[in-house]
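This report describes one protein model. It takes up charged pairs, a pocket, and some points of backbone geometry.

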Amino acid sequence: MEEMQEGSGSTIPDPKWREIADRHHSTLLADLTTAFDAQLTESVTSAVAEERRQGDQRTEAARVQTRQETLERTRRTVSDGLNQTLRLLRQVPSQAGVLKLLAEASAPWAKSALAVALEDGEARSIAGRNLNYDDLPEPVELSDAAALHSVFETTDPVSALASPAELSEPISAAFGGDTRCQIFPIAVRGTITALFIASGDLITGALELLTEAAGMRLEALAPATPPALKPLAAPGLIQIATPAPAAAPSPADNETVAAPAPTKWDDLSPADQKLHLNAQRVARVKVAEFRLYHADALRQGVFAGNIYNSLREQIDQARAHFRQNCLE
């Protein structure tokens with residue numbers, strides 16, 4: 001038990017209790033400090049993680065928005081550029097002008113370009129851009145350029161190395177022998193009349209669109225050449241089939257036989273009138289089909305004076321259909 005000192009009437013605790021209280025206080029303070037530090041660290045860590053997460057979200061949202069805005073601007077720029085080029089193409093009055101505009105307008109889609117016209121088996125340079133030499137390459141024979149000849153024969157784009165064997169000596173020197181080129185055909189009414197050669201960072205989709213547009217403009221500039229058709233020797237009715245010659249009248253048939261009077265429309269019964277109207281409709285439909293689906297053969301038959309020979313199969317089918325639906 002504690003020993004208390006008596007004196008002035010106050011009780012003085014034993015010094016050991018003060019030491020125990022100090023130690024307990026120190027331990028409690030250390031525990032509180034440790035708990036506070038742990039809680040503070042956890043709170044700071046959570047706050048930093050949350051702020052980082054929100055920052056990442058904001059950064060990703062900003063990145064997505066920037067990408068969308070960039071794509072939209074790029075799309076608008078590409079669309080405006082292509083539309084402007086197409087408008088200019090519609091105003092060019094010559095083949096040389098079309099090929100020159102094609103070479104210039106391809107700048108965003110190819111580093112270097114050369115447009116050549118084909119005539120009599122020869123490729124003649126019309127316009128170039130960013131080539132190794134200021135002067136255009138000399139005319140070359142298609143037989144001396146395997147890649148050019150392949151495009152001319154197949155009408156398909158070809159990727160080839162700009163070597164003398166593939167593009168000929170002059171064109172190879174203009175691009176550089178170790179350069180990879182893409183060759184696009186330019187067709188007018190199914191015939192390759194020009195070639196477009198491009199190299200360096202190619203956007204083939206845009207280049208194909210431009211060459212197609214150039215081909216359509218060249219086709220519009222080309223004079224119309226309808227096929228030569230032989231006209232009729234003499235005007236007259238066109239016979240489907242030659243009628244059989246009439247038999248010579250016998251002496252006993254000298255008497256004049258009156259031709260039967262034609263039947264009037266009002267004399268027909270409603271059923272007969274309906275039958276006639278249906279027959280007329282079927283005949284008109286078949287003739288319209290000939291004119292719509294077999295216009296070339298019909299025109300050939302008209303000028304040759306024999307439609308039946310030109311449309312024999314179709315006419316026989318129409319006759320069979322007419323008999324089945326209108327005469328039986």
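How many salt bridges does a search of the whole structure find? The search finds five. The model is a predicted one, and the distances and areas below are computed from it.

**Overall make-up**

The protein chain has 328 residues, of which 25% are buried. Its secondary structure consists of 10 helices and six strands. Of the contacts between residues at least 6 apart in sequence, 52% join residues at least 24 apart. The chain exposes about 23,100 Å², and carbon and sulfur atoms supply 55% of that area.

**Salt bridges**

Among the salt bridges are the pairs in this table.

| Acidic residue | Basic residue | Closest N to O distance |
|---|---|---|
| E50 | R53 | 2.4 Å |
| E51 | R58 | 3.3 Å |
| D296 | R299 | 3.1 Å |

E50 and R53 both belong to helix 1 (residues 15–91); because they are three residues apart there, about one helical turn separates them. E50 is partly exposed, with a relative accessible area of 32%, and R53 is also partly exposed, at 39%.

The side chains of E51 and R58 meet in a salt bridge as well. E51 has a relative accessible area of 47% and is partly exposed. R58 is likewise partly exposed, at 47%.

In helix 8 (residues 295–304), D296 and R299 are three residues apart, so they too are separated by about one helical turn. What is the exposure of each partner? D296 is exposed, with a relative accessible area of 54%, a value that lies over the 50% cut-off for that class. R299, at 35%, counts as partly exposed.

**The second largest pocket**

The second largest pocket has a volume of about 160 Å³. Its lining is made by T155, D156, P157, F184, P185, I186, A187, I192, E208, T211, E212 and G215. Which elements give two or more residues to this lining? They are strand 5 (180–188) and helix 6 (204–221). By residue type, the lining divides into six nonpolar, three polar and three charged residues.

**Backbone geometry**

Two residues that are not glycines have a positive phi: S168, at about 85 degrees, and D201, at about 50 degrees. Where do they lie? S168 is in the loop between helix 4 (164–167) and helix 5 (169–175). D201 is in the loop between strand 6 (191–199) and helix 6.

Are these residues buried or exposed? S168 is buried, with a relative accessible area of 3%, which is under the 20% cut-off. D201, in contrast, counts as exposed, at 73% relative accessibility.

**L88 and A105**

L88 is placed in helix 1 and counts as partly exposed, at 37% relative accessibility. Along the chain, L88 and A105 are 17 residues apart, and their C-alpha atoms are separated by 9.9 Å.

Methods:
Residues are numbered from 1 along each chain as its sequence is written. This is a predicted model: local features need pLDDT of at least 70, side-chain atom pairs count only at pLDDT 80 or more; totals for chains, interfaces and linings use all residues. Side-chain values use heavy atoms; hydrogens and water are left out. On a 1 Å grid over the protein atoms alone, a cavity is a set of points where a 1.4 Å probe fits but cannot get out, and a pocket is an open set with protein on both sides within 12 Å along at least five of seven lines; lining residues have an atom within 4 Å of a point. Grid points are joined across faces, edges and corners, and a volume is the space filled by probe spheres set on the points. Helices (H or I, at least four residues) and strands (E, at least two) are DSSP runs, numbered from the N terminus. Ala, Val, Leu, Ile, Met, Phe, Trp, Tyr, Cys and Pro count as nonpolar, Asp, Glu, Lys and Arg as charged, and the others, Gly among them, as polar. A salt bridge is a side-chain nitrogen of Lys or Arg within 4 Å of a carboxyl oxygen of Asp or Glu. Buried means under 20% relative accessible area, exposed over 50%, partly exposed in between (1.4 Å probe, protein chains only). Contact means heavy atoms within 4.5 Å. Accessible areas come from the Shrake-Rupley method with a 1.4 Å probe; for residues, only the protein chains shown count as cover.
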